[in-house]
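Here are some exercises to work through with the model open beside you. Try each task before reading its solution.

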Amino acid sequence: MRDWVEKLDAFLKFNDRDVLEGAGRMRKKQADAHAEMQYEQFAAQRRILLEAEGAESNVRALEDAAKALPKPRGK
């Protein structure tokens, strides 16, 4: 079995993939907490981007609505 582990590690390294070192040292609760923290950071960044896109979309919609208004007649 050890030779398969070494072959798999070599294959992953050859394909520029990270090899998990020290498997089994992290407890499930720690892994879950880490994953949750990473997701919170991702979600916060995603919210910021979506809000920025929404604001730009609102400005474009207002500009389009303003262009559609009838032009005032001159005196």
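## Getting oriented

The protein chain has 2 helices and 0 strands; helices (H or I, at least four residues) and strands (E, at least two) are DSSP runs, numbered from the N terminus. This is a predicted model, in which local features need pLDDT of at least 70, side-chain atom pairs count only at pLDDT 80 or more, and totals for chains, interfaces and linings use all residues. Residues are numbered from 1 along each chain as its sequence is written, and side-chain values use heavy atoms, with hydrogens and water left out.

## Exercise 1: overall form

Set the radius of gyration of the protein chain against that of a compact globule of 75 residues.

*Solution.*
- Step one is the reference: a compact globule of 75 residues would have a radius of gyration near 11 Å. The radius is taken over C-alpha atoms, and the globule rule is 2.2 Å times the number of residues to the power 0.38.
- Next comes the model, where the protein chain has 27 Å.
- Finally, look along the principal axes: the C-alpha trace spans about 90 × 30 × 10 Å.

## Exercise 2: burial and surface

Work out what percentage of the 75 residues is buried, and what carbon and sulfur atoms supply to the exposed area.

*Solution.*
- Begin with the classes: buried means under 20% relative accessible area, exposed over 50%, and partly exposed in between (1.4 Å probe, protein chains only).
- By that rule, buried residues make up 3% of the 75 residues.
- Then take the area: the protein chain exposes about 7,900 Å², and carbon and sulfur atoms supply 57% of it. Accessible areas come from the Shrake-Rupley method with a 1.4 Å probe; for residues, only the protein chains shown count as cover.

## Exercise 3: the start of the chain

Find helix α1 and decide whether its tryptophan 4 is buried or exposed.

*Solution.*
- Helix α1 covers residues 2-14, and tryptophan 4 belongs to it.
- Tryptophan 4 has a relative accessible area of 59%, so it is exposed.
- Met1, Trp4 and Val5 form a nonpolar surface patch, with about 400 Å² of accessible area together. Patches are made of residues with over 30% relative accessible area and no salt bridge; like charges are joined within 9 Å, and nonpolar side chains (Val, Leu, Ile, Met, Phe, Trp, Tyr) within 5 Å.

## Exercise 4: the loop

Where does aspartate 16 lie, and what is notable about its phi?

*Solution.*
- Aspartate 16 sits in the loop between α1 and α2.
- Its phi is near 55°, a positive value in a residue other than glycine.
- With 74% relative accessibility, aspartate 16 counts as exposed.

## Exercise 5: salt bridges

How many salt bridges does the structure hold?

*Solution.*
- The rule asks for a side-chain nitrogen of Lys or Arg within 4 Å of a carboxyl oxygen of Asp or Glu. The structure holds 2 such bridges.
- One pairs aspartate 32 with lysine 28, their closest N and O atoms being 2.7 Å apart. Both residues lie in helix α2, 4 residues apart, about one turn of the helix. Aspartate 32 is partly exposed at 39%, while lysine 28 is exposed at 61%.
- Another pairs glutamate 56 with arginine 60, whose closest N and O atoms are 3.6 Å apart. These two are 4 residues apart in helix α2, so about one helical turn separates them. Glutamate 56 is partly exposed at 47%, and arginine 60 is partly exposed at 45%.

## Exercise 6: distances from helix α2

Place tyrosine 39, glutamine 41 and leucine 49, then give a C-alpha to C-alpha distance for each.

*Solution.*
- Tyrosine 39 is in helix α2, residues 28-68, and counts as partly exposed at 46% relative accessibility. Leucine 62 is 23 residues from tyrosine 39 in sequence and 34 Å away in space.
- Glutamine 41 is also in helix α2 and is partly exposed at 43%. Methionine 1 and glutamine 41 are 40 residues apart in sequence and 39 Å apart in space.
- Leucine 49, in helix α2, counts as exposed at 56%. Between leucine 49 and phenylalanine 11 there are 37 Å in space, and they are 38 residues apart in sequence.
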